[in-house]
Amino acid sequence: MPIHDHEPNLRGAAFLWGGIGLGLLLLVVLLTHGFGLLNRADKGSSSADLMVRQGDKIVVPEGSALRSRLNVVAAAAQAVDPKLLLPAIVESDPARTAAVLAPLSGRLIALKVALGDRVSRGQVVAIIDSPDLAQAYTDNEKAGDAFKLNQKNLERQEAQNKLGVASDRDLDQAKSDHAQAAAEYARTQAHLKTLGASADATPASRRLSVTAPVGGSVTALNVAPGNMINDPTQPLMTIADLSTIWVTAMVIRGDIAGITKDQDAQVTLASYPERVLRGKVLFLSDVIDSDSHRGKIRIAFANRDYALKPNMFATVVLSGGARSLVVLPSSALLMNNDRTSVFVATAPWTFERRNVDAQLEEGSSVAIRSGVSAGEQVLVKGAVLLND
């Protein structure tokens, strides 16, 4: 068969496959774009028709589907008792906390307490074998001998002066020597007393006894028997009287103005959730903390059962007294980073964003300290739909 007899069949096959390819191409276009175009044509509106931005305002035009999802109410003022919740921590009173120092260097030969022990004021907590103490005893003995010698010499000069054997000049010199010896002897005795050592102690018992400067609990222990004590400024231990403790709370700068001394305070602790402590603000610090940029308030509590322990976490609730504030449903509030805002209707279906200071939240209501005035129309439902 001649080759040109196959040409009609080849043309038909090409036409058939070309038609199939075009159909597939149209189907792909319809799947990727056509349905969306049909849907938009059916709806007859775009997202731009839902709301229109005009400067700082947002307008919801007539016919927008958003109108049925928004609810606006007039802001109402109510008498509320705002409560300020503050994070806090339990601390020991610095005026009742003492670092125990060794007045002299030496070797620690006995430790009379352990970490956590409770001690009374004046109780011996450590004993040190100190060469400096031995020198203090030696100086005291020399001063005592010199005093006795000058005492006898003065008596002798006084007796001879009466008989006319000694001159007044010799008597005056004896009196001066006696006064200097007495002063030196008094100094060495006072030095021993300052060290807590007895001037009458026998040589075998001449050890430096370190006593507790305050009564309380041993909260830190930094030495062990056998250690050399070379730095008199390094504490051997720390003793804190925890019968009275502080609860210290941090206050942001915006809330400091509303806090006063003797203000009622309520404290709860994470360790005792069922226990509520009631007290008054002892004082508000005059200095803002350089790290947190917050002020500190302290409330003192009696701690007779020692249940409150330093470094416990607590929450302080301060009551500011009843006053009139705008109260809105919490659904009206929008959180944007560190700002809290609401939408206020300045005209029918026209809204502007306002930053507000939300002070108190109880249940589904929020007390507003500033940003919205009573009577203004506030969007309380669907605000998130306008949030950008």
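These legends accompany close-up views of a predicted model.

**Figure 1. Overview of the predicted chain.** The chain has 388 residues, and 32% of them are buried. Five helices and 25 strands are assigned. Of the contacts with a separation of 6 or more, 71% link residues 24 or more positions apart. About 23,300 Å² of the chain is exposed, with carbon and sulfur atoms supplying 54% of that area.

**Figure 2. Confidence along the chain.** Mean pLDDT is 84 for the chain, and 86% of the residues reach 70 or more. Helix α1, residues 7-43, has the lowest mean pLDDT among the elements, at 41. Strand β13, residues 237-240, has the highest, at 96. Across residues 1-47 the pLDDT is below 50. This stretch has four contacts in the model beyond near neighbours in sequence. Where pLDDT is low, the predicted coordinates should not be read in detail.

**Figure 3. The surroundings of T248 in strand β14.** Strand β14 spans residues 244-252 and includes T248. The relative accessible area of T248 is 4%, which is under 20%, so this residue counts as buried. The side chain of T248 makes a polar contact of 3.2 Å with the side chain of R298. R298 is also in the list of residues that T248 touches, together with K296 and I297. The other residues in that list are P87, A88, I89 and E91. Residues up to four places away in sequence are not counted here.

**Figure 4. The largest nonpolar core.** This core holds 26 residues. L86, V247, I297, F301, V316 and L318 have the most contacts inside it. At least two core residues come from each of β5 (83-92), β14, β15 (264-269), β16 (272-284), β17 (294-302) and β18 (313-319). Another core, of 25 residues, lies apart from this one. V100, A201, V210 and I239 are among the residues of that other core.

**Figure 5. Contacts of F301.** F301 is one of the residues with the most contacts inside the largest nonpolar core. F301 touches S243, T244, I245 and V247, among others. Its list of contacts also includes V267, L277, R278, G279 and L308. Residues up to four places away in sequence are again left out.

**Figure 6. Strand β18 and its partners β5 and β15.** Seven bridges pair β5 with β18 in the antiparallel sense. β15 and β18 also run antiparallel, joined by five bridges. T315 in β18 is the bridge partner of P87. T315 is the bridge partner of T268 as well.

**Figure 7. The open sheet β10-β9-β7-β12.** Four strands form this sheet in the order given, with antiparallel pairing. β10 (208-211) and β12 (228-229) are the edge strands, each pairing on one side only. Strand β9, residues 124-129, pairs with β10 over four bridges. Within this pairing view, I127 stands opposite S209 in β10.

**Figure 8. The open sheet β6-β13-β11-β8.** This sheet too has four strands, and the pairing is antiparallel. Its edges are β6 (97-100) and β8 (118-119), each of which pairs on one side only. Strand β11, residues 216-221, and β13 pair in the antiparallel sense over four bridges. S217 has A240 in β13 as its bridge partner. β13 is also the strand with the highest mean pLDDT among the elements of the chain.

Notes
Residues numbered from 1 in each chain as written. Predicted model: local features only at pLDDT ≥ 70, side-chain atom pairs only at ≥ 80, totals over all residues. Heavy atoms only, no water. Buried < 20%, exposed > 50% of the residue type's maximum accessible area, 1.4 Å probe, protein only. Polar contact = N/O pair within 3.5 Å; in protein donor to acceptor, adjacent residues only side chain to side chain. Contact = heavy atoms within 4.5 Å. Core = buried A, V, L, I, M, F, W, Y, C linked by side-chain atoms within 4.5 Å. Pairing = 2+ DSSP bridges. pLDDT = per-residue confidence, 0-100. Areas by Shrake-Rupley, 256 points an atom, 1.4 Å probe, with all protein chains shown as cover.
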